[in-house]
Structures are given as C-alpha cells and as structure tokens.
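Welcome! Please take a moment to look at the sequence and the 3D view before reading on.

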Protein chains: 4
Amino acid sequence: MFDVRTDLAVEETERVCGQQGLSHGISVHEEEYENECIKVTTVCIETENAGKSLGKPKGTYITLEAPRMAEEAADYHREISEKIAELLHRLIPEKKEVQTVLAAGLGNRSVTPDALGPQVVDNLCITRHILKEYGNLAFEGGDVTSLCAVAPGVMAQTGMETREILAGVIRQVKPDYLIAIDSLVARSLKRLCRTIQITDTGVCPGSGIGNYRHSLTEKSLGVPVIVIGIPTVVEAATIIQDSIGDFLHEISADNATAERDGSGKKLEEIQHLELTRKILPPQLNQMFVTSKDIDAQIKQMSYMISEGINITLGSLTAV
Amino acid sequence: MFDVRTDLAVEETERVCGQQGLSHGISVHEEEYENECIKVTTVCIETENAGKSLGKPKGTYITLEAPRMAEEAADYHREISEKIAELLHRLIPEKKEVQTVLAAGLGNRSVTPDALGPQVVDNLCITRHILKEYGNLAFEGGDVTSLCAVAPGVMAQTGMETREILAGVIRQVKPDYLIAIDSLVARSLKRLCRTIQITDTGVCPGSGIGNYRHSLTEKSLGVPVIVIGIPTVVEAATIIQDSIGDFLHEISADNATAERDGSGKKLEEIQHLELTRKILPPQLNQMFVTSKDIDAQIKQMSYMISEGINITLGSLTAV
Amino acid sequence: MFDVRTDLAVEETERVCGQQGLSHGISVHEEEYENECIKVTTVCIETENAGKSLGKPKGTYITLEAPRMAEEAADYHREISEKIAELLHRLIPEKKEVQTVLAAGLGNRSVTPDALGPQVVDNLCITRHILKEYGNLAFEGGDVTSLCAVAPGVMAQTGMETREILAGVIRQVKPDYLIAIDSLVARSLKRLCRTIQITDTGVCPGSGIGNYRHSLTEKSLGVPVIVIGIPTVVEAATIIQDSIGDFLHEISADNATAERDGSGKKLEEIQHLELTRKILPPQLNQMFVTSKDIDAQIKQMSYMISEGINITLGSLTAV
Amino acid sequence: MFDVRTDLAVEETERVCGQQGLSHGISVHEEEYENECIKVTTVCIETENAGKSLGKPKGTYITLEAPRMAEEAADYHREISEKIAELLHRLIPEKKEVQTVLAAGLGNRSVTPDALGPQVVDNLCITRHILKEYGNLAFEGGDVTSLCAVAPGVMAQTGMETREILAGVIRQVKPDYLIAIDSLVARSLKRLCRTIQITDTGVCPGSGIGNYRHSLTEKSLGVPVIVIGIPTVVEAATIIQDSIGDFLHEISADNATAERDGSGKKLEEIQHLELTRKILPPQLNQMFVTSKDIDAQIKQMSYMISEGINITLGSLTAV
C-alpha cells in the first residue's frame with residue numbers, strides 16, 4: 001500500500017546494489033564532465049531477471065546529474081541542452097532512418113510539479129506541418145527531422161487514459177519514434193530538479209506523478225518510446241518511512257547495545273515497517289512533497305529539455 | 001482571395017434570401033422567448049442544391065440569439081444554459097442510445113477569441129473514467145451519459161491537423177457522438193458574442209478561426225458531429241469590403257442621379273469590388289477584428305456552454 | 001529551525017488546550033449546521049498573553065469546516081458561499097460605514113497550492129471603477145459596496161515585499177477595509193482543503209506559504225485587515241516530526257514498561273526531538289506536502305470564496 | 001469620435017511631414033544596420049508647438065524596425081536584444097546614478113495582443129530583493145542595477161487606474177526610473193510586430209490598447225518614465241477609414257477629371273469623412289484588428305525585450 005517508490009533507476013540500483021553488490025545482468029557506467037559540472041551514469045538492465053530485482057523493465061537508463069541545473073545561468077543551460085542532445089543520439093539512430101518523431105508532454109499542466117511535459121511541448125520547434133507543405137526548403141535545405149507534438153492531459157481532465165489518446169494519434173500519424181517527457185517521482189529530496197533520466201524502456205505502470213495505469217511502451221504503442229524525465233516530487237509516504245528509518249538508525253547508533261545483536265535488528269526493522277504503516281493516514285497516498293520554488297525550476301528545466309530536443313532533431317544548431 | 005466570409009447560416013440566409021426570397025430546399029423557423037429575451041432561429045437546408053446556394057452543407061442550423069448574453073447576470077446565464085441543453089436534445093437522440101460522448105474544444109487556447117473551445121472543455125463534468133470504474137453508483141444511480149473530452153490545439157502547436165488527432169482518439173474511444181465547440185467567424189460586428197449556433201453538419205473546410213483545412217464531419221470521422229459555435233471575430237477583409245459597400249451606398253443616397261440608373265449601379269458594384277481588392281494589402285488575409293473585452297466575454301460564454309452540455313448529459317440537474 | 005507550524009488557530013488551540021485545558025483569555029464557541037454539514041468554530045484570543053501561548057495575535061478566528069467542501073456539487077457550494085458571507089458580516093460592520101473594500105489575492109499564481117488568492121481575485125465582481133463613473137445606477141440602485149482588487153505576486157516575481165505593494169496601493173485608494181485571501185499551512189493533512197479560516201488579525205510574519213516577512217496588519221497598513229485563508233499544504237518538516245512522534249507513541253503502546261516511568265518518557269521526548277532535527281536534511285525547509293488533485297480543489301474553493309465576497313458586498317444576491 | 005489613431009511618432013511624422021515637410025522643432029535622424037537588417041529612426045520633438053502638430057508630447061522617440069523580428073531565429077533575436085540595450089542606454093544615464101529601476105508590464109494578460117507587457121515582466125531577471133539581502137556579492141561582484149517589477153493589470157480587473165497602482169508602488173519603493181512596457185496601436189498593418197518604439201515621454205492619455213485615461217509621466221509619477229512599446233493592433237475604425245481613403249484615391253486615379261480640380265477634391269474629402277462616420281457602427285470603437293498568429297509573435301517579442309532590459313541592467317552579459 002505504501003511502497004517506497006522511485007522512478008529513477010539510478011536510485012534503485014544504489015539501494016539494491018549498495019546492499020548486495022552489482023547483480024548479474026546489471027551494468028553501471030559513469031562519466032564525469034568536470035568543466036560542465038555534469039555527471040552521466042548509464043545503467044543497463046540486460047536481463048528480465050535483473051529487471052525484476054530492480055523493479056524496472058529491461059533497457060538503458062541514462063542519468064545526467066548537474067547540481068547547478070536549477071541556477072539561472074543561460075550559458076550553463078545551453079551546455080546541458082547540448083549534453084541532452086548527445087545522450088538522445090545514443091538511444092535514437094541516425095536521422096536518415098527517422099522520418100517523423102512524435103513528442104508527448106505527459107502530466108497535468110495545472111499542477112506545477114507535474115507540468116514539465118506540457119511546458120516542454122510549448123517550446124518545441126514543431127516542423128511536421130511545415131515540412132509537409134514546403135519540404136526541407138523551408139529550413140534552407142537543412143536536415144530537419146519532422147516533429148509533431150501533443151500534450152494529452154490527465155485522466156481527470158479528459159476521462160481517457162494517456163495511452164488511449166497516444167495510441168490513437170500514433171495510428172494516424174505513424175511516427176518512427178515517440179519521445180515522452182514526464183515529471184518523475186524520486187526517493188531522495190536531493191535529487192529533485194537536479195537529475196535528468198533518459199531511457200528507452202517507455203513509461204511503466206505506476207510511473208510518473210499521474211500514475212498512468214497502463215504502460216506506454218513499444219509493445220503497447222507499436223513504436224519505440226524514449227522517455228525524458230526529471231524528478232520533481234517525492235511521495236509523502238516515502239519521505240516519512242525513510243525519515244523513520246533514519247531516526248531509528250540514529251537511535252541505535254546512540255544505543256550501542258542494540259547494535260550488538262544483528263539478527264534482532266533485522267526483526268525490529270520489519271516490526272517498525274508494520275508500525276509505520278499503522279500510523280500513516282490513508283490520504284497520504286494522494287500526497288506528494290515538492291519545493292516552494294518549483295515554478296521557477298520547472299520553467300528553466302522545461303526550456304533546457306526543449307532546446308535539447310530541438311538540437312537533436314536539427315531545428316536548432318549546436319554551437 | 002478575399003471572400004466575404006461567415007460561419008453563421010443565419011447570416012448567409014439573410015443575405016441570399018433577403019435578395020432572392022426563400023429558395024427551394026431552405027426552411028426557416030423562428031421562436032421568441034420573451035421572458036428570457038432569447039430568440040431561436042432554425043434554418044434547415046434540405047437539399048444539396050440549397051446548400052450550394054448558401055455555401056453551407058445540408059443539415060440543421062439552430063441559432064440562439066440573446067442580446068444580454070455578455071452581461072454579468074448569473075441567473076440569466078443559467079437560463080441560457082438550459083436553453084442550450086434543450087436545443088442540443090433536438091439534435092441528439094434519447095440518452096439510452098447514446099452511451100459515450102466525446103467533446104472536442106477546438107481552437108487555440110493562446111489567442112483569446114479562439115480560446116472558447118478549450119475553455120469550455122475546462123469546465124465540463126468529465127465522467128467516462130468514473131463510470132468505467134464505479135458505474136452509475138458514483139452518481140447515486142442518476143442517468144449520466146459518459147463524457148470524455150480533448151482540446152486538440154492547432155496545427156502551429158502540434159504539427160498535426162485537428163482531424164488527425166480526433167480521428168485517432170475516436171478510433172480508440174468509439175464515442176456515439178462528437179460534440180465540437182468552436183469560435184466562429186461572423187460577417188457582422190453586432191453578432192459577436194451575442195449568438196450561439198448549434199448544428200449537426202460538422203465543421204467544414206474554411207470554418208473556424210484556425211481554418212481547419214480538412215473537415216470534421218460524420219463522413220470523415222465516422223461518428224455524428226454536433227458543433228456548438230459562437231462568433232467571436234469578423235475577418236478584417238470582410239469588414240473593410242462591407243464598409244466600402246456601405247459607404248458607396250451612402251454616396252448614392254446623397255447623389256440622386258446615381259440612383260436613377262439601376263443597371264449602371266450594378267456595373268459599378270463589380271468595378272468597386274475590383275478596386276477594393278486592389279487596395280487590400282495581402283497580410284489582411286491573416287487579420288481579424290475582435291473586441292477589447294473579448295477575454296471577459298469568452299470566459300462567460302464558455303461557462304454557459306459547459307453548463308449546457310453538463311445539463312444535457314445528466315451530470316448537472318436543471319432547476 | 002524546524003518548528004512545527006500551523007496557520008490555523010483552531011489547530012493550535014486543540015494542541016495547547018488539549019494538554020492544558022482552556023487558558024485564561026481564550027474562548028472557544030462551536031456551532032453545528034447539520035443540514036449543511038458545516039461546523040463553525042470561533043476562537044477568540046482576548047489578551048496578549050493568551051495570544052503568546054498560542055503563538056497567534058489577539059483577535060477573532062472563525063473556522064468553517066465542511067467535509068464535503070471539495071466535492072463537485074454546485075448547490076452545496078452555494079450554501080458554503082452564503083455561510084462565508086454571513087461570517088464575513090460578523091467581522092465587517094454595516095455597509096453604510098464601509099464605502100470601499102480592497103481585496104488582495106496573496107500568493108504565487110504559478111505554484112498550484114499557493115494560487116488560491118490570485119484565483120479568488122479573478123472571479124470577484126469588481127465595481128469601484130463602475131461606481132466611480134456611473135454610481136449606484138449601474139446596479140439598478142442596489143446597495144453595492146465599491147470593490148477593487150490586486151494580486152500582488154510574490155517577492156521572487158516582483159523583487160518587492162507584498163507589504164510594500166499593498167501599502168502603496170492603500171495610500172492611493174484609501175479603502176475602508178482590506179480583505180486578503182491566502183493559502184495557509186496546516187499541521188494535519190486531514191484539514192487540507194476542508195477548512196476555511198476567517199480572521200480580523202491580519203497576516204503575520206511566517207504566515208502563508210510564501211512566508212511574507214513583514215506583517216499585513218491594521219498597524220502596518222493603516223486599515224483593518226480581514227484574512228480569508230484555506231490550508232492547502234503541510235510543511236514537510238512538520239509531517240515528518242509528527243509522524244516520528246506518532247511512531248514513538250505506537251512503540252511505547254506496544255512496550256508497556258516504557259509507559260510506567262512518566263518522567264523518563266518526557267526526557268526521551270526531548271532527546272527524540274534532537275535526533276529528529278539531526279536527520280532532517282536542510283532543504284526540507286523549502287519543501288511542502290500537498291495533494292495530487294490540488295488543482296481541482298483550488299479551482300472549486302476559489303470560486304466559493306469569490307461568491308462569498310460578492311454576496312457580502314452586495315454585487316451578488318443571496319437566494 | 002473615430003479619430004485615426006497611432007501611438008507611433010514615426011507614423012505621425014510621416015503623415016504630417018510627408019504633406020508639409022519637416023516642421024520647425026522636429027528633427028529626424030536615421031541609422032541603417034545592414035548586417036542586422038535593422039533600421040533605427042530617432043524623432044526628436046523639441047518644442048511644445050511641434051508636439052501639438054504631431055499630437056505627441058515633447059521628447060525623444062527612437063524607433064527600431066526589423067522586418068525579420070517575428071521570424072524564429074535565436075541568433076537574430078539576440079542581436080535585436082543587444083540593440084534594444086544600446087538604445088535604452090541613450091535614454092538612461094550611467095548606472096552609477098541609477099540605483100533602482102521599476103519595470104511595469106502594462107496591459108491585459110488575458111487579451112493576447114495586450115499581453116506584451118505582462119509577458120516581458122515574467123522573463124525579467126528580478127534582483128532588488130537579492131541585492132537588498134546579499135548585496136552585489138550575489139552576482140559575483142558584478143555591477144547589477146536593482147530591478148523590481150509589477151504587472152498592474154487593467155481597470156476591468158482591478159477597479160483601479162494603472163496610474164493609481166504605480167503611483168502607490170513608486171512612493172514605497174522610490175525607484176530612480178520607471179520602465180513601462182506596453183502594446184501599442186499602429187496605423188498601418190505592416191508595422192504590426194515589426195517595430196519597437198522607445199521613448200522618454202511616458203505613456204499619454206489614449207495610448208495603449210487599454211486606454212489608460214490618466215497619463216504615466218514624470219510629471220504625474222515623480223520619476224522619469226521610459227516606455228518600450230510594440231504595435232500589436234490597429235484600431236478597426238482606423239483601418240476602415242484608411243481603406244475608404246485608399247479606395248477613393250483609386251477611383252480618382254481611374255477618373256482623371258476628378259483629379260483636375262484640387263479644391264473640389266479637398267471638399268470631397270471632408271464630405272467623405274462625414275459619410276464614413278455615418279456608416280461606422282458605434283461598437284466599432286471597442287474593436288481592434290490583429291493577426292491570427294499574434295500568440296507566437298507576442299511570445300517571441302516579449303522574450304527579446306526582456307533580454308534587452310536584462311542586458312541594460314547588467315544581469316545578463318552581452319556577447
């Protein structure tokens with residue numbers, strides 16, 4: 001009922017592999033770009049079994065961490081946009097094979113931390129209708145990939161599942177790729193608005209703030225699905241359970257005797273989990289934690305992602 | 001190139017039949033509701049030929065005129081909403097046969113006079129997802145028709161035609177009816193925000209402000225299409241041509257001699273039309289006329305239409 | 001640093017007086033309206049000392065609780081609006097003495113749970129400019145109080161304190177009353193969007209989500225200040241500290257021996273508070289908890305408050 | 001009643017001086033920047049009398065014309081922003097003497113062509129509250145001018161005149177300069193969204209779309225007022241009168257005899273003006289003409305002006 005939840009593969013990998021060491025079928029690769037203060041971590045889940053241990057589907061999860069991401073510094077943001085474009089190119093093949101891309105800005109435009117997707121779509125350079133009418137001449141012969149986009153809204157607004165709307169549009173437009181942009185749920189507050197995850201696995205049940213119950217994957221939609229996500233909230237139940245865990249850890253550190261008996265501690269942990277669930281009110285399930293300046297952060301990050309996509313598809317030139 | 005344009009059947013009927021008398025295949029029926037200051041005019045175009053003479057497809061066009069529509073008066077607006085519900089029932093059969101309705105808020109949310117459709121959708125009582133999960137019990141057993149809704153945006157924002165998006169969604173959701181809400185183009189300033197047109201003919205090429213090039217009709221979409229529209233703009237070219245016409249009429253009224261020779265006048269008219277087209281700058285095609293308080297008017301009218309649809313579908317009780 | 005915080009006098013009274021009994025200088029009066037499912041609690045803080053014990057300034061705090069407030073039910077909302085009008089009349093004297101009211105929609109329009117104030121202002125019936133130009137004739141002679149309104153934004157958007165903007169406007173417009181509308185911070189999740197607090201004490205340092213550092217009071221602004229607030233968030237630090245408290249309470253309930261020694265428990269409590277502060281990350285100060293459907297709730301509640309104010313000032317007739 | 005109206009000094013100068021030659025007290029200076037496709041025209045009205053002949057107050061009017069302004073081309077826009085900064089520096093003295101600037105985004109955010117001012121304010125780099133708390137250290141010692149900003153809304157929303165709100169804020173904040181950003185009314189469609197006017201005369205009665213009845217000038221507000229404006233609409237009455245004028249001109253060109261008698265023509269002109277006024281419906285006063293893609297244009301131009309102001313005040317570095 002109150003599972004500790006994260007949409008970030010890098011957090012799940014830390015948690016699971018921190019305790020058990022790297023499992024078979026999971027590879028982790030890290031790159032540091034010191035000049036740009038950017039760290040890129042690629043988690044590959046290579047087998048279904050490895051996926052089960054992390055609770056994430058098989059595939060590639062690229063995480064870009066940039067502690068200064070939320071600062072107001074136009075030049076730095078351009079660097080991040082260009083890095084996003086570079087990482088997208090790792091998951092999307094050569095342009096020649098990709099004729100048309102559909103971008104989907106997932107989430108609820110009216111709830112600030114869930115508005116990332118819709119706001120990204122607002123700043124994309126939409127080209128499909130221009131290319132259809134004038135061809136590449138409209139872009140002075142430049143090699144621009146055709147881009148169309150939709151912000152499908154959430155079920156409370158439309159009465160339809162996001163998957164229904166996207167499946168319908170895809171059937172008409174027949175894109176070669178779907179790029180979905182979504183607000184994610186992190187486990188740790190310090191990840192909020194500091195991390196971008198790019199994955200080729202699609203959006204899975206229970207992902208995102210809006211809890212799309214049906215998955216948006218190549219299997220369900222018929223086209224490869226790239227998802228660009230930024231964690232913007234932590235579940236309220238998660239933060240409380242983790243805080244109680246940290247608190248108990250502090251108590252035992254204070255209390256050396258409790259430490260001695262390892263097996264006893266394990267038993268306590270389970271007992272504590274039960275007690276925790278007892279005290280959490282049912283409405284907690286519908287609650288999330290976010291920061292007071294989430295509006296400024298969503299505005300900046302959505303702009304960075306839009307630029308990244310525009311560079312990737314050729315409508316914006318990298319410097 | 002600069003055709004005088006109106007989306008209102010009642011204006012076309014006035015213009016054509018005012019000159020020639022009522023054509024074969026066109027019937028006009030008027031109702032006055034004095035208490036409510038409401039006038040309802042029903043134009044039925046019964047044959048394809050009659051349609052050609054008016055430049056409108058065969059079908060029923062119900063026009064509700066309420067001079068006080070734009071005033072702030074909560075009670076009066078409720079009366080108009082109930083009248084809209086009554087008129088919708090003339091075009092939509094008994095609820096038993098209509099399981100699911102898709103509402104489409106056409107137009108560009110970011111251009112005030114074109115935002116009517118999207119704003120109507122914002123205030124609709126969306127029920128499809130609730131009925132699917134809990135059934136009629138969620139509405140205390142009331143007879144509520146399942147409603148889902150979409151605001152598809154315009155081509156400059158999505159790169160797709162409205163028809164593509166709606167056709168895709170309809171294929172997935174399989175509604176029994178599509179109710180499209182749209183901002184219309186009138187010929188006369190005095191119609192702006194004072195008139196509601198409800199029709200069963202769909203949206204046709206060149207209609208609406210956004211100029212959907214492909215039609216949204218039962219033929220193109222596979223479901224009956226009801227359109228609720230309110231004129232919110234006049235084309236700039238139309239207003240200029242009509243003004244020059246009025247001006248010439250005034251001159252000839254002043255100038256009795258000119259009046260005498262009827263045939264001469266006819267000739268002059270054609271000549272004047274040519275002169276007019278010469279002076280109209282090409283960018284005029286992209287220009288419209290609207291009123292300075294269009295924001296307040298769109299807000300009020302969108303609310304009235306939402307309530308009308310909510311009453312029609314049973315999620316709001318008429319008093 | 002991480003004080004447990006609430007803007008609701010009724011919560012502070014419960015906490016303090018639940019432990020110590022009703023203090024001198026605090027009176028609590030409850031009314032139940034069973035038909036409307038509404039409960040009204042009036043807390044009067046009569047002395048400065050009593051105020052100190054609750055951490056709230058001297059004055060009257062009227063709390064309206066309506067469990068069904070967030071449901072979609074047009075008729076019920078009208079009842080709440082009329083009750084708001086009735087309660088406002090308890091704090092504002094007869095119309096004859098009140099010529100002009102300034103409404104201030106406090107908070108950040110771009111952060112959903114903080115947008116209550118700005119959204120209320122959007123739906124108010126603004127009359128000052130009409131009355132100045134046409135007098136009461138514009139309202140058919142009705143006794144309408146002159147209303148003007150401003151949504152001053154937050155410091156990150158304006159670079160100015162709310163108090164600076166309001167003080168400036170008040171100096172020009174010279175209203176008889178300021179009605180401020182604001183999103184509040186509650187202690188308990190179950191209060192969120194279920195409670196309305198109306199008070200004559202103004203807005204105090206540390207109140208509201210935006211943390212206005214300078215107070216908005218009759219003393220600082222020169223006019224009486226009525227504040228209508230609805231709790232829309234809980235501070236993240238508060239929810240964690242309270243959860244740890246509840247958790248420890250559960251543990252001791254399990255563990256009878258711990259219960260026996262009362263004085264020991266008190267000591268533990270202080271120790272636990274210290275441990276809690278150790279584990280709370282510093283960024284928690286900038287975090288709040290809110291619900292996933294906060295957009296729909298803010299929309300409904302802002303409409304209810306607008307109507308309440310409109311009825312109070314005579315521009316909307318109560319049924 | 002239906003005066004032909006323009007807020008652009010350059011249009012008035014063309015009209016008046018085109019007929020009569022350059023008057024005494026008016027100087028016009030033109031600069032061409034071929035690389036950037038930018039033309040700058042400076043009209044100085046040096047005497048009150050000269051001002052009367054143009055219907056504009058004494059002062060400097062700098063007009064930047066850039067035909068490609070509305071195109072999507074990030075690099076070009078940066079060039080225009082830097083040119084705006086350069087032109088602003090001609091009207092605002094050295095930074096050392098300017099401690100604090102207040103920016104005012106005039107106009108109605110909810111009516112697209114009138115939303116320029118509020119949208120500019122959204123993208124400004126607000127620094128006053130940061131400088132007050134941390135000083136120049138917050139900007140790594142850079143020479144940043146303190147900026148605060150307000151979007152005062154329009155009278156229909158606030159019940160107050162823009163001048164009342166700004167006068168109040170200025171009295172509290174005591175800025176050294178007011179920079180007002182406003183949507184303007186042009187006479188010619190071809191000026192729309194292609195021209196920026198920067199002036200040191202303030203905003204005068206009848207200026208702007210919202211028709212602020214009281215002026216915003218150094219005299220009325222007590223601080224120097226720089227206004228940055230872009231024409232986004234043409235009055236409907238203006239476009240019709242000018243079209244009828246053009247039409248009559250075409251007729252007379254066709255009709256050589258009419259040309260011969262100059263004095264007769266003059267007489268006719270007056271007569272035509274009277275006839276024109278007869279045919280214009282009264283609601284035309286409340287109508288304006290704008291383009292269908294005004295949303296995209298306002299978005300781009302507001303961004304260019306924000307960047308121009310940010311560069312001027314030192315919070316954005318010119319390349």
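## A helix to start with

How many of the 19 residues of helix 12 of chain B are buried? This is a predicted model, and in it 16 of those 19 residues are buried, so helix 12 of chain B is largely enclosed by the rest of the structure. Buried here means that under 20% of the relative accessible area remains.

You can find helix 12 of chain B at residues 294–312. With 1.5 Å for each residue, its expected span is 27 Å, and its end C-alpha atoms do lie 27 Å apart, so the two values agree. Just after this helix of chain B comes Gly314(B), with a positive phi of about 90°.

## Chain A as a whole

Now turn to chain A, which holds 12 helices and nine strands. The chain has 319 residues, and 57% of them count as buried. Its accessible surface is about 13,500 Å², with 49% of that belonging to carbon and sulfur atoms.

Contacts in chain A also link distant parts of the sequence: of those with a separation of 6 or more, 75% are between residues 24 or more positions apart.

## How chains A and C are related

What rotation superposes chain A on chain C? A turn of 180° does, with 0.0 Å of shift along the axis and an RMSD of 0.0 Å. This is therefore the relation of a two-fold axis.

In chain A, Val289(A) has the C-alpha nearest the axis, at 2.2 Å from it. Both copies use the same surface, as 100% of the contact residues of chain A recur in chain C.

Technical notes:
Residues are numbered from 1 along each chain as its sequence is written. Chains are lettered from A and ligands numbered from 1 in the order in which they are written. This is a predicted model: local features need pLDDT of at least 70, side-chain atom pairs count only at pLDDT 80 or more; totals for chains, interfaces and linings use all residues. Side-chain values use heavy atoms; hydrogens and water are left out. Helices (H or I, at least four residues) and strands (E, at least two) are DSSP runs, numbered from the N terminus. Buried means under 20% relative accessible area, exposed over 50%, partly exposed in between (1.4 Å probe, protein chains only). Contact means heavy atoms within 4.5 Å. Accessible areas come from the Shrake-Rupley method with a 1.4 Å probe; for residues, only the protein chains shown count as cover. The expected span of a helix is 1.5 Å times one less than its number of residues. Copies are superposed by least squares on the C-alpha atoms of residues with pLDDT of at least 70 in both.
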